[in-house]
Amino acid sequence: MSGVWRGWARADRAVVRRSLRCLAAMMLAVGRMDGVVAAQTLKAEALPDLELTRGDRLHLRRAMGDAAREFEPFEEADARADWSRFERLPLFGVAHRINAYNTYLLMEQEVGR
């Protein structure tokens, strides 16, 4: 494996972890908003979307991580996983396979394949 690939994989894992932390922080901040009508609207509309997006990222890492640890091919893992909860996310149909495959490759790196 080239040093460039190892560096990219480390950087990408850091971005994923940071984005999950940011989503959690945003969910906490929106959940604490009170009083102002705009804040209440944001809380009612944004929090469910943030929770769903974070859930998708965690489910994706879990599903692809399990597949990588079990040496299951990507196509089988993607077909087996239940993505129905996340299909209503914007651009899910367009971006899902790209995100899933990238995550699968990263999880392969993490388990040392």
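Colleague: Among contacts between residues at least 6 apart in sequence, what share joins residues at least 24 apart?

Modeller: Good place to start, and please keep in mind that this is a predicted model. Taking the contacts in the protein chain between residues at least 6 apart in sequence, the share that joins residues at least 24 apart is 66%.

Colleague: Which pattern does the protein chain follow along the sequence?

Modeller: The chain has 4 helices and 0 strands. Read from one end of the sequence to the other, the pattern is therefore written with helices alone. That gives α-α-α-α.

Colleague: How much of the protein chain counts as buried?

Modeller: A residue is called buried when its relative accessible area is under 20%. The chain exposes about 7200 Å², with carbon and sulfur atoms supplying 59% of that area. Of its 113 residues, the buried share is 33%.

Colleague: Let's pick a residue in helix H3: is Phe74 buried or exposed?

Modeller: Phe74 sits in helix H3. Its relative accessibility is 6%, and the cut-off for burial is under 20%. Phe74 therefore counts as buried.

Colleague: Which residues does Phe74 touch, leaving out those up to four places away in sequence?

Modeller: One of them is Ala100, which is 26 residues from Phe74 in sequence, while their C-alpha atoms are 8.6 Å apart in space. With residues up to four places away left out, the list for Phe74 reads Met64, Arg97, Ala100, Tyr101 and Tyr104.

Colleague: Arg97 is in that list; which residues share a network of salt bridges with Arg97?

Modeller: The side chains of Glu75 and Arg97 meet in a salt bridge, at 2.8 Å from N to O. This pair links distant parts of the chain, since Glu75 is in helix H3 and Arg97 in helix H4, 22 residues apart. Arg97 is partly exposed, with a relative accessible area of 41%. The network joins Arg97 with Glu75 and Asp78.

Colleague: How many salt bridges are there by this rule?

Modeller: Side chains of opposite charge can pair when their charged atoms come close. The rule asks for a side-chain nitrogen of Lys or Arg within 4 Å of a carboxyl oxygen of Asp or Glu. By this rule the count is 6.

Colleague: How many residues apart in sequence are the parts that Arg61 and Glu110 tie together?

Modeller: Arg61 and Glu110 form a salt bridge, their closest N and O atoms being 3.4 Å apart. Arg61 lies in helix H2 and Glu110 in helix H4 (residues 92–111), so the distance along the sequence between the joined parts is 49 residues.

Colleague: Glu72 forms a salt bridge with Arg80; which of the two is buried and which is exposed?

Modeller: The closest N and O atoms of Glu72 and Arg80 are 2.8 Å apart. Arg80 has a relative accessibility of 52%, so Arg80 counts as exposed. Glu72 has a relative accessible area of 15%. The buried partner is therefore Glu72.

Colleague: What is the phi of Phe71, a residue in the loop between helix H2 and helix H3?

Modeller: Most residues other than glycine have a negative phi. Phe71 lies in the loop between helix H2 (37–69) and helix H3 (74–80), and Phe71 is exposed at a relative accessible area of 57%. Phe71 has a positive phi although the residue is not glycine, with a value near 55°.

Technical notes: Residues are numbered from 1 along each chain as its sequence is written. This is a predicted model: local features need pLDDT of at least 70, side-chain atom pairs count only at pLDDT 80 or more; totals for chains, interfaces and linings use all residues. Side-chain values use heavy atoms; hydrogens and water are left out. Helices (H or I, at least four residues) and strands (E, at least two) are DSSP runs, numbered from the N terminus. Buried means under 20% relative accessible area, exposed over 50%, partly exposed in between (1.4 Å probe, protein chains only). Contact means heavy atoms within 4.5 Å. Accessible areas come from the Shrake-Rupley method with a 1.4 Å probe; for residues, only the protein chains shown count as cover.
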